[in-house]
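Thanks for coming. I will go through the pockets first and then one strand with its neighbours.

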Amino acid sequence: MLKQLTEALCRHLLGTTLPINPAATAPSEAAGFQASSIGDSASPKVSLFLSHAKADGTTPARRIRDYIYSQTQLAAFYDENDIPFGSAFSRVLESSLRSSQTAALIAVRSARYASRPWCRRELSLFRRPRRESNEGELPERWRLQPMLVVDALEPGARTVGIPEMGNATLIRWSDDAPDLEEQIVTTVLRDALLAAFHSSLGRSLASAPDSVILNWLPDPTTLLHIPVVRDASIEATVVYPGRGLSGLELDTLAEYFPQVTFRSFDQAKP
């Protein structure tokens, strides 16, 4: 019941989120999707994007996809099933990654994942924050959907780190672990639910015009996509979910963005 309730709440919150700024999104996403109630059967299914390197095998990604369609009311984007033959490969991928229906991305990290150009492009597109408020509207509000990394490296296998993975949740894959697919899907779905909640909560904060309100914990890779944060000549305040980052994390961010003040949602409350 907890899993089903999480799905329903996630679908509702994602459907009632304010439309994304049309100037910063693809045409297919500008319209957004809205559900009038939790039980609105007309609203599209929440979708999870599965990113994997087929050169290392497809077992984890296929098992997660099969679980999604057999045990949940979610949808999954899986390239073998969802990219029509003869279609523009890059256009279909980008449309799905930037769609408001895509709640989260599951990246199956195998040995050759970091070396596959399309895998890196999927991460780069998905981890690009999107502005929720209209151009010129202050304070700026930005949204980022969550990502979960499934570590499918074989024992002794070598690979390199990927900066786009940032501080994403990581779960170790094992072919023999029971109910692992359920753990992966439930974890990423709860992260998506939390991200939608933080977007809604951020809109209720009374912040100064120079504030940038996020729905995720800031990290250098994602912050560099936000112009007002990237501009060293502008003093700004970044407001993020939670009760506050650790001192080490704040020191690291201060080195990258010395002109920016970082405050948690709790610290921003009047």
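**Pockets and a central topic: strand E3**

I start with the second pocket. Sorted by class, the lining of the second largest pocket comprises nine nonpolar, six polar and four charged residues. Its volume comes to about 320 Å³. The lining counts 19 residues, and those closest to the centre are Asp56, Pro60, Ala152, Glu154 and Trp173. Please keep in mind that this is a predicted model.

Now the other one. The largest pocket has a volume of about 400 Å³. It is lined by 17 residues, with Pro146, Asp191, Asn215, Trp216 and Leu217 closest to its centre. Which helix supplies the largest share of that lining? That is helix H7, residues 180-203, with four residues. By class, the lining of the largest pocket consists of nine nonpolar, five polar and three charged residues.

On to the strands. Is strand E3 mostly buried or exposed? Strand E3 spans residues 102-109, and eight of its eight residues are buried. E3 pairs with strand E1, residues 47-52, through six bridges, and the two run parallel. One bridge there links leucine 48 to alanine 104 in E3. E3 is also joined to strand E6, residues 147-151, by five bridges, again in a parallel arrangement. In that pairing, alanine 107 has valine 149 of E6 as its bridge partner.

To recap the strands: E3 has six bridges to E1 and five to E6. That is what I have for today.

Methods:
Residues numbered from 1 in each chain as written. Predicted model: local features only at pLDDT ≥ 70, side-chain atom pairs only at ≥ 80, totals over all residues. Heavy atoms only, no water. 1 Å grid on protein atoms, 1.4 Å probe; cavity = no way out; pocket = protein on both sides within 12 Å on 5 of 7 lines; lining within 4 Å. Points joined across faces, edges and corners; volume = space filled by probe spheres on them. Nonpolar A, V, L, I, M, F, W, Y, C, P; charged D, E, K, R; others polar. Buried < 20%, exposed > 50% of the residue type's maximum accessible area, 1.4 Å probe, protein only. Pairing = 2+ DSSP bridges.
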